[in-house]
Each structure stands twice: as structure tokens, then as C-alpha cells.
Amino acid sequence: MIPKSHPRYESLLLRDKIVKASQKGYLADSGMIAHGRGEAFDYLIGEKTTYPAKRAMYVAVAALILSNNPVISVNGNASALACDEIIELAKSINAKIEINLFYRTDERVRLLTKLYKDHGYDDILGTLDDDIEYIDGIKNNRASASKTGIYSSDTILVPLEDGDRAEILKKSGKNIITIDLNPLSRTSKMSDVSIMDNIVRAIPYMTKIAEDLKTQDKQVLINIVNEFDNEENLKESSHYCKYGRYN
Ligand code: ATP
Ligand code: MG
């Protein structure tokens with residue numbers, strides 16, 4: 001048991017979730033290292049959601065609501081940290097959820113399918129019996145996607161995504177939204193909307209935003225999306241890596 005008074009309490013709880021996911025077998029070994037990289041950036045920003053991250057979240061939610069076929073892509077890390085919260089966001093914005101693994105094995109797909117089922121969500125895509133297609137005909141696991149999900153989606157939320165995979169999605173003309181604590185990662189740089197925040201804070205915050213934006217006129221949402229400059233916002237986000245902890 002980690003005492004609540006421990007200065008790194010929240011962070012240690014997240015580590016514990018990652019370790020358990022690894023023991024259960026749905027997190028790839030490299031997922032632990034990816035978590036460590038994210039953790040370091042979160043430490044630098046003071047483990048708080050920054051203003052530019054909030055701004056990016058408004059844009060992301062507006063884009064997802066405006067989209068014809070929005071999909072939330074999930075991997076082992078995202079699921080270990082925020083499975084219930086992802087399900088709640090998907091329901092609130094009418095998005096599909098798709099298992100999407102960089103190191104895709106049948107066993108991990110099976111375990112993740114079961115995880116979402118156990119959490120009350122039966123409609124997950126990208127499962128072993130789903131129709132899988134290859135984006136732009138690239139015969140590679142990194143380009144595989146569910147026919148009714150990411151393959152035919154216009155807007156995809158890809159939290160904690162690898163740069164190679166993000167590049168394939170981007171090149172195929174899709175609107176890419178990421179949640180990534182590293183503002184310098186290839187995924188952050190190539191996405192249309194980059195939310196530099198911890199997934200455990202960002203997803204519930206986005207669900208709250210969705211409740212507000214769902215009641216707004218379509219034109220208001222279009223304006224929110226059109227007025228956004230991701231490069232500028234990422235630059236602003238990265239300043240928090242230098243000063244966030246001291247604020
Ligand atoms: P890229 O391939 O885009 O250049 P990378 O190789 O640094 O990035 P990957 O392991 O491919 O990283 O992807 C994982 C990304 O997820 C990392 O950028 C890491 O900072 C980020 N990350 C890890 N944990 C979290 C978290 N809890 N919340 C948000 N982002 C996280
Ligand atoms: Mg990578």
C-alpha cells in the first residue's frame with residue numbers, strides 16, 4: 001500500500017496500474033518504457049493540465065462531435081490507465097472504440113477485448129473476429145485497421161500513439177488527435193490536434209467538455225476547430241516543460 005501522504009502518490013498509483021497490466025499480459029514490454037517517458041514529461045509540467053492542453057481539448061472534442069465516424073484508438077497503456085474513462089467519453093460523443101496495437105499479438109488482442117467486456121463495453125472493434133483492412137494497401141501491422149472503424153473513420157483520437165503508426169494514419173488523409181505528454185514526439189508534431197497532457201486527466205476533462213459542446217450550434221464548433229493553430233499551441237505547451245513545475 002502506498003500511503004496517500006507520499007509526495008509521488010498519484011504517480012505511483014499509475015505505475016502500479018502499468019505493472020499490473022504487464023503482469024496480466026496486455027501491455028507490451030516497451031509499453032512500460034513508454035510510460036516512463038510520459039511520466040518524465042508529466043513531472044516537468046508539474047502534473048497539472050496546462051492552459052494550452054485545455055484549449056486543444058476543446059478543439060479535439062469539437063472535431064470529434066463534428067465527425068461522421070469518430071473512433072477512439074486504444075492500446076495497452078491507454079487501457080491500463082483509463083479504460084472506464086475512455087468508455088464514458090466514447091458514449092458521450094458517440095464514438096467507436098478500436099483496439100490498435102503497435103505490437104499486435106492475438107493474445108494481447110484477446111485480453112484487451114475481455115478487459116473492455118469486463119468493464120461493460122461489448123462493441124469494441126479491432127478484435128480477432130473483426131474485418132481487418134490495410135490502410136492504403138500497406139501490408140503491415142502498423143497499417144491494419146477495422147473496416148467499420150479506423151479504416152473508414154474521418155477523425156481518430158489516438159492517445160499515446162507511436163510515430164510510425166500516426167504517420168500512416170495522417171498520410172491517408174485522416175484527422176488525427178493525440179494525447180501525448182511529449183510535445184516533441186513525432187506523433188505530437190504530425191497530429192492535427194495535440195493535447196500535451198496525461199491521459200488520466202485529459203479523458204475525463206474531455207467528457208466534461210463534450211457535455212457543454214454538445215449543446216452548442218454546429219457553427220460554434222466549426223469556428224473552434226478553424227481558429228486553432230496546432231503548431232503554435234504545441235510551442236506554447238512545450239514552455240510548460242521548462243517552467244511548469246515552478247508555477
Ligand atoms: P514517437 O514515436 O511519436 O516519436 P515515442 O517513440 O517517444 O514517440 P512511443 O513509445 O512511440 O513514443 O509512444 C508513447 C508516447 O506516449 C510517448 O511520447 C510518451 O511520452 C507518451 N505517454 C506515455 N504515457 C503517457 C500518459 N500517461 N499520458 C499521455 N502520454 C503518455
Ligand atoms: Mg515511437
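Is Y103 buried, partly exposed or exposed, and what is its relative accessibility? In this predicted model, Y103 has a relative accessibility of 45% and therefore counts as partly exposed; the views below begin with this residue and then pass to the sheet, the cores and some single positions.

**View 1. The aromatic pair formed by F102 and Y103.** The structure holds one aromatic pair. Its two rings, those of F102 and Y103, have centres 4.9 Å apart and planes at 90°, so the arrangement is edge-to-face. Like Y103, which is partly exposed at 45%, F102 counts as partly exposed, with a relative accessible area of 23%.

**View 2. The open sheet of five strands.** The strands follow one another in the order β2-β1-β5-β6-β7, and their pairing is parallel. At the edges stand β2 (96-99) and β7 (193-195), and because each of them has a single partner strand, one side of each is left without a neighbour in the sheet. Between neighbouring strands the turn is 20° on average, with direction ignored. Helix α3 (residues 51-66) packs on this sheet, where it touches β1 (70-74), β5, β6 and β7, and the direction of the helix makes about 135° with that of β7.

**View 3. Strands β1 and β2 with the helix that links them.** Strands β1 and β2 run parallel and are joined by four bridges, in one of which V71 has K96 of β2 as its partner. From β1 the chain crosses through α4 to β2, and this β-α-β crossover is right-handed. The loop between α4 and β2 holds N94, a residue other than glycine whose phi is nevertheless positive, near 60°. With a relative accessibility of 68%, which is over the 50% cut-off, N94 counts as exposed.

**View 4. Strand β6 and its two partners, β5 and β7.** On one side, strand β6 (residues 175-179) pairs in the parallel sense with strand β5 (residues 155-157) over three bridges, and N175 in β6 is the bridge partner of T155. Pairing between β6 and β7 is likewise parallel and also runs over three bridges, with T178 standing opposite S194 of β7. Strand β6 is mostly covered, since four of its five residues are buried.

**View 5. The β-α-β unit built from β5, helix α6 and β6.** Together with β5 and β6, helix α6 (residues 163-171) makes a β-α-β unit that is right-handed. In the loop between β5 and α6 lies L160, which is not a glycine but has a positive phi value near 50°. The relative accessibility of L160 is 29%, so this residue counts as partly exposed.

**View 6. The largest nonpolar core and a second, separate one.** The largest nonpolar core has 51 residues, and the members that touch the most others are I86, I97, Y116, I195 and M206. Helix α4 (residues 76-93) provides the largest share of this core, with 10 residues. One of the residues just named, I97, has contacts that, once its neighbours within four places in sequence are left aside, include I72, V74, I86, I87 and A90; Y116, Y121, D123, I124 and L125 are also in contact with I97. A second core, separate from this one, consists of 10 residues, among them I135, A145, V158 and L169.

**View 7. Q219 in helix α9 and its distance to L66.** Q219 belongs to helix α9 (residues 218-226). Although Q219 and L66 are 153 residues apart in sequence, their C-alpha atoms are 9.9 Å apart in space. The relative accessible area of Q219 is 47%, and this residue is therefore partly exposed.

Conventions:
Residues numbered from 1 in each chain as written. Chains lettered and ligands numbered in written order. Predicted model: local features only at pLDDT ≥ 70, side-chain atom pairs only at ≥ 80, totals over all residues. Heavy atoms only, no water. Helix = DSSP H or I, 4+ residues; strand = E, 2+ residues; numbered from the N terminus. Buried < 20%, exposed > 50% of the residue type's maximum accessible area, 1.4 Å probe, protein only. Phe/Tyr/Trp six-rings, centres within 6.5 Å; stacked < 30°, edge-to-face > 60°. Core = buried A, V, L, I, M, F, W, Y, C linked by side-chain atoms within 4.5 Å. Contact = heavy atoms within 4.5 Å. Pairing = 2+ DSSP bridges. Axes fitted to C-alpha atoms, helices over the stretch in contact; angles between N-to-C directions. Right-handed = clockwise from strand over helix to strand, strands pointing away.
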